[in-house]
Amino acid sequence: IFRNLIDNSFRHTPSDSPCRIWISATATSTGVTVQLRDSGTETARFPPGSTPGELFVRGQKSQGTGVGLYLVQSLMRQMGGSVNFDLSPGFPVQLQFNRAREDQK
């Protein structure tokens with residue numbers, strides 16, 4: 001999950017500027033919330049009509065297919081968590097890792 005998100009940050013940061021990534025985590029009564037954002041200035045990294053977490057094919061500038069973010073979303077769901085992609089600059093991502101219930105341990 002983190003590898004895909006960090007790789008996405010590096011790929012979408014202009015080559016003439018440094019890529020900075022900020023990660024914070026907060027423990028809650030139900031699990032852990034992790035927030036990740038980068039130094040990117042793009043407000044959206046997706047073709048018109050597509051959304052993060054779905055598969056798509058980019059145009060000529062990027063060969064992205066959305067597979068990385070689709071995997072992030074799928075893995076979070078499989079683990080009983082959730083992900084929220086924000087299309088504002090810095091592409092903030094919030095991951096919610098829920099605490100395992102006693103019957104799941």
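This is a chat about a predicted model, covering its sheet, its helices and a few single residues.

Q: Let's start with the sheet. How many strands form it, and in what order?
A: Four strands make an open sheet, and the order is 1-2-4-3. The pairing is antiparallel.

Q: Which ones are the edge strands?
A: Strand 1, residues 21-28, and strand 3, residues 82-85. Each of those pairs on one side only.

Q: And what holds paired strands together in general?
A: Strands of a sheet pair through backbone hydrogen bonds, and they can do that parallel or antiparallel.

Q: What does the twist average from one strand to the next?
A: It averages 15°.

Q: OK, how many bridges join strand 2 to strand 4?
A: Six, with the two strands running antiparallel. One pair you can look up is Gly31 and its bridge partner in strand 4, Asn98.

Q: Over how many bridges do strand 3 and strand 4 pair?
A: Four, again in the antiparallel sense, with strand 4 covering residues 93-98. Asn84 stands opposite Gln94 of strand 4, and Phe85 stands opposite Val93 of that strand.

Q: Now the helices. Where does helix 1 lie?
A: Helix 1, residues 2-11, lies across strand 1, strand 2, strand 3 and strand 4. Its direction is at about 15° to strand 2, which is residues 31-38.

Q: Which strands does helix 2 touch?
A: Helix 2, residues 67-78, packs on the sheet and touches strand 3 and strand 4. The direction of helix 2 makes about 145° with that of strand 3.

Q: Switching to the surface: which residues make the nonpolar patch?
A: Val67, Tyr70, Leu71, Leu75 and Met79 make a nonpolar surface patch of about 410 Å².

Q: Where is Val67, and why does it count as partly exposed?
A: Val67 sits in helix 2. It counts as partly exposed because its relative accessible area is 38%, and that label covers values between 20% and 50%.

Q: What about charges? How many salt bridges are there?
A: The count comes to one salt bridge. Asp7 forms it with Arg11, and the closest N and O atoms are 3.3 Å apart.

Q: Where do Asp7 and Arg11 lie?
A: Both are in helix 1, four residues apart, about one turn of the helix.

Q: Why might such side chains pair at all?
A: Side chains of opposite charge can pair when their charged atoms come close.

Q: How do the two rate for exposure, Asp7 and Arg11?
A: Asp7 is partly exposed, at 36% relative accessible area. Arg11 has 52%, so it is exposed.

Q: Let's try the loops. Where is Cys19 found, and what does it touch?
A: Cys19 is in the loop between helix 1 and strand 1. Leaving out residues up to four places away in sequence, Cys19 touches Ser9, Phe10, Thr13 and Ser39.

Q: And what separates the C-alpha atoms of Cys19 and Gly40?
A: They are separated by 7.4 Å, with their positions 21 residues apart along the chain.

Q: Last one: what's the phi of Phe91?
A: Phe91 has a positive phi of about 40°, although it is not a glycine. Most residues other than glycine have a negative phi.

Q: Where does Phe91 lie, and is it buried or exposed?
A: Phe91 lies in the loop between strand 3 and strand 4. Its relative accessibility is 4%, so Phe91 counts as buried.

Note on methods. Residues are numbered from 1 along each chain as its sequence is written. This is a predicted model: local features need pLDDT of at least 70, side-chain atom pairs count only at pLDDT 80 or more; totals for chains, interfaces and linings use all residues. Side-chain values use heavy atoms; hydrogens and water are left out. Two strands pair if DSSP finds at least two bridges between them. Axes are lines fitted to C-alpha atoms, for helices over the stretch in contact, and angles run from 0 to 180 degrees between N-to-C directions. Contact means heavy atoms within 4.5 Å. Patches are made of residues with over 30% relative accessible area and no salt bridge: like charges are joined within 9 Å, nonpolar side chains (Val, Leu, Ile, Met, Phe, Trp, Tyr) within 5 Å. Accessible areas come from the Shrake-Rupley method with a 1.4 Å probe; for residues, only the protein chains shown count as cover. A salt bridge is a side-chain nitrogen of Lys or Arg within 4 Å of a carboxyl oxygen of Asp or Glu. Buried means under 20% relative accessible area, exposed over 50%, partly exposed in between (1.4 Å probe, protein chains only).
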